Amino acid sequence: MPEECFKGEKKNIASYTHFNRIATIDAYILIVNVEKNNIKNYIGPNSLCEIAFGFYYKRKVYLLNDIYEPFKDELEGWGVIPLNGDLNKLGEI
């Protein structure tokens with residue numbers, strides 16, 4: 001969840017608002033999984049929640065980069081699509 005979108009809101013309210021959008025809007029989810037603290041393709045707890053919520057509501061979920069290895073089984077099982085840095089692939093899928 002982009003923190004800049006919810007500045008000043010309590011975490012629980014911001015999370016509820018964001019997850020409600022995932023549940024009610026017919027759109028895909030793009031997770032920007034860049035390197036963080038020298039961890040390649042990092043996916044944090046909030047992003048993992050977004051992915052799980054997207055899976056539950058049958059949204060297509062894309063990763064900007066490749067699969068984050070610690071969550072590989074879940075991500076592949078949930079049908080997450082890695083773009084490997086190429087946003088042009090969004091138009092092809």
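Q: Which residue in E3 does Tyr62 stand opposite?
A: Keep in mind that this is a predicted model. Look at E2 and E3, which run parallel and are joined by two bridges. Follow Tyr62 across to E3, and the residue standing opposite is Ile81.

Q: In what order do the strands of the open sheet come?
A: The sheet has three strands, and their pairing is parallel. E1 and E3 (81-82) stand at the edges with a single partner strand each, so each has one side without a neighbour in the sheet. Put together, the order is E1-E2-E3.

Q: What angle does the direction of H2 make with that of E1?
A: H2 doesn't float free of the sheet: it packs on it. The strands it touches are E1 and E2. Compare the direction of H2 with that of E1 and you get about 155°.

Q: How far apart are the axes of H1 and H2?
A: H1 covers residues 11-24 and H2 covers residues 45-56. The two pack at an angle of about 35°, and their crossing is right-handed. As for the spacing, the axes are 10 Å apart.

Q: Which residues of H2 meet H1?
A: Start on the H1 side, where Lys11, His18, Phe19, Ile22 and Ala23 take part. By class, the whole contact has five nonpolar, three polar and two charged residues. On the H2 side, the partners are Asn46, Cys49, Glu50, Phe53 and Gly54.

Q: How many residues make up the largest nonpolar core?
A: Among its members are Ile22, Ile43, Ile51, Tyr68 and Leu75. The strands pitch in too: E1 (29-31) and E2 (61-63) each supply at least two residues. The whole core comes to 11 residues.

Q: Which residues is Val61 in contact with, leaving aside its neighbours within four places in sequence?
A: Val61 is part of the largest nonpolar core. Some of its contacts belong to that core as well, including Ile29, Ile31, Ile51 and Val80. The full set is Ile29, Ile31, Ile51, Gly54, Phe55, Gly79, Val80 and Ile81.

Q: Is Asn41 buried or exposed?
A: Asn41 sits in the loop between E1 and H2. Not counting residues up to four places away in sequence, it touches Asn33, Val34, Glu35, Asn65, Asp66, Ile67 and Tyr68. Its relative accessible area is 10%, and the cut-off is under 20%, so Asn41 counts as buried.

Q: Is Lys40 buried or exposed?
A: Lys40 is also found in the loop between E1 and H2. Leaving aside neighbours within four places in sequence, its contacts are Glu35 and Tyr68. With a relative accessible area of 64%, against a cut-off of over 50%, Lys40 is therefore exposed.

Q: How far apart in space are Lys40 and Gly85?
A: Along the sequence, these two are 45 residues apart. Go from C-alpha to C-alpha in space, though, and the distance is 12 Å.

Q: What is the phi of Lys58?
A: You'll find Lys58 in the loop between H2 and E2, where it is exposed with a relative accessible area of 76%. Asn41 has a positive phi near 60° without being a glycine. Lys58 isn't a glycine either, and its phi is positive, about 60°.

Technical notes
Residues numbered from 1 in each chain as written. Predicted model: local features only at pLDDT ≥ 70, side-chain atom pairs only at ≥ 80, totals over all residues. Heavy atoms only, no water. Axes fitted to C-alpha atoms, helices over the stretch in contact; angles between N-to-C directions. Helix = DSSP H or I, 4+ residues; strand = E, 2+ residues; numbered from the N terminus. Left-handed = near helix turned anticlockwise from the far one by under 90°. Contact = heavy atoms within 4.5 Å. Nonpolar A, V, L, I, M, F, W, Y, C, P; charged D, E, K, R; others polar. Core = buried A, V, L, I, M, F, W, Y, C linked by side-chain atoms within 4.5 Å. Buried < 20%, exposed > 50% of the residue type's maximum accessible area, 1.4 Å probe, protein only. Pairing = 2+ DSSP bridges.
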